[in-house]
Amino acid sequence: MTAQQSRHDTIPARAGIGLRAPHITEFLATRPDIAWCEVHSENYFADGGPSLRVLERVRADYALSLHGVGLSPGSCDPLDADHLRRLKQLIIRSEPVLVSEHLSWSSFAGRFANDLLPLPYTEEALLHLCRRVDQIQDYLARRILLENPSTYLQFVSSVIPEWEFISELARRTGCGILLDINNVYVSAINHGDDPAVYLRSIDPASIGEIHLAGCEEGAGLLVDTHSRPVRTEVWELYRLALNRFGARPTLIEWDSDLPALDVLLDEAGKAAAMLEANDAVAA
């Protein structure tokens, strides 16, 4: 670890942004006043080259979170040994404070879908996920966070509410939860659930990070597009989450129809203001 990196070996309970390629040049030139950044792990799996040099420059000034989208923890396929090796190599190189993946699956019989697909919430699936998370955490020699999904259908075989499923997964394996408030909202509206019940059912001690993002309506559903500002309803749920969980590192995610960097930073500023207001009330 370099001397500069050692200043950023924790992620404070402040707001950060998901750093995407079109913003990197401006980001490095202006060094915005935010606490931390998150990048998609798979974008930095190369053994060398300009992308890793950019990440090193970001890491020198900001705490870092690695967010994976391709490990497919819920799949019945064996875990991809090369993917895990590259992830561990990246962790050693970049020394992230947080490492996360998704409560989903993406592959079957060696073929990958470019999506984060939902799981049936059954005891069999829970046991499978526990074995996989144990395997991942043992290999990486560290705790990971798993993100709750946004979903558009429910399996008739599901017998465990999602909030109980992910809570029990965290309890049995020691992994943490990356709570995506937009995903809670999208799934609740699509399935006719009360999102406040979800928030009230999660153990505050398990929450390692919060995501906020935008969604759109389509085909009678809410769709988690990461292409719009955070909805008013999601900001209100975020306020409830802060009241219940206390301040947590909070990330603004925006992956499609990317706006100017200032727009993204303004959204992070809203989250920062709510974090500060929550701290003031708690004090």
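# Pockets, cavities and charged pairs

Tutor: The largest pocket has a lining of 29 residues, and those nearest its centre are His 102, Asn 114, Asp 115, Leu 116 and Asp 224. This is a predicted model.

Student: Which strand gives the most to the lining of the largest pocket?

Tutor: Strand S6, residues 111–117, gives the most, with six residues. The pocket holds about 700 Å³ of space.

Student: How do the residues of that pocket lining divide into nonpolar, polar and charged?

Tutor: Ten are nonpolar, 14 are polar and five are charged. His 102 and Asn 114, both among the residues nearest the centre, count as polar because neither is on the nonpolar or the charged list.

Student: How many cavities are counted?

Tutor: Two cavities reach the cut-off of 30 Å³ or more. The largest has a volume of about 60 Å³. It is lined by 13 residues, and the closest to its centre are Leu 71, Leu 87, Val 99, Ser 100 and Glu 101.

Student: What makes it a cavity and not a pocket?

Tutor: A probe of 1.4 Å fits in a cavity but cannot get out, whereas a pocket is an open set of points.

Student: Which elements supply at least two residues each to the lining of the largest cavity?

Tutor: Helix H4, strand S4 (98–102) and helix H5 (123–140) do. S4 has the largest share, three residues. By type, the lining has seven nonpolar, four polar and two charged residues.

Student: Why is Ala 81 called exposed?

Tutor: Its relative accessible area is 56%. Exposed means over 50%, so the word applies. Ala 81 belongs to helix H4, residues 81–94.

Student: How do you know that Arg 20 and Asp 255 form a salt bridge?

Tutor: Their closest N to O distance is 2.4 Å. The limit is 4 Å between a side-chain nitrogen of Lys or Arg and a carboxyl oxygen of Asp or Glu, so the pair qualifies. Arg 20 is in the loop between strand S1 (15–18) and helix H2 (24–30), and Asp 255 is in the loop between strand S12 (250–252) and helix H10 (261–282), so the bridge ties together parts 235 residues apart in sequence.

Student: Are Arg 20 and Asp 255 buried or exposed, and what decides the word?

Tutor: Arg 20 has 9% relative accessibility and is buried, because the word covers values under 20%. Asp 255, at 28%, is partly exposed, since that term covers values between 20% and 50%.

Student: Why is Glu 209 said to have no salt bridge?

Tutor: The nearest side chain of opposite charge, Arg 20, is 9.0 Å away. A salt bridge needs a distance within 4 Å, so this pair does not count. Glu 209 is buried and sits in strand S9, residues 207–212. Its side chain does make a polar contact of 3.0 Å with that of His 211.

Student: What makes Arg 172 and Glu 123 a salt bridge?

Tutor: Their closest N and O atoms are 3.1 Å apart, so they fall within the 4 Å limit. Arg 172 is in helix H6 (residues 162–173) and Glu 123 is in helix H5, 49 residues apart. Both are partly exposed, Arg 172 at 35% and Glu 123 at 38%.

Student: How many salt bridges does the whole structure have?

Tutor: The search finds 14. Another of them joins the side chains of Glu 216 and Arg 228 at 3.3 Å, N to O.

Key
Residues numbered from 1 in each chain as written. Predicted model: local features only at pLDDT ≥ 70, side-chain atom pairs only at ≥ 80, totals over all residues. Heavy atoms only, no water. Helix = DSSP H or I, 4+ residues; strand = E, 2+ residues; numbered from the N terminus. Buried < 20%, exposed > 50% of the residue type's maximum accessible area, 1.4 Å probe, protein only. 1 Å grid on protein atoms, 1.4 Å probe; cavity = no way out; pocket = protein on both sides within 12 Å on 5 of 7 lines; lining within 4 Å. Points joined across faces, edges and corners; volume = space filled by probe spheres on them. Lys, Arg positive; Asp, Glu negative; His and termini not counted. Polar contact = N/O pair within 3.5 Å; in protein donor to acceptor, adjacent residues only side chain to side chain.
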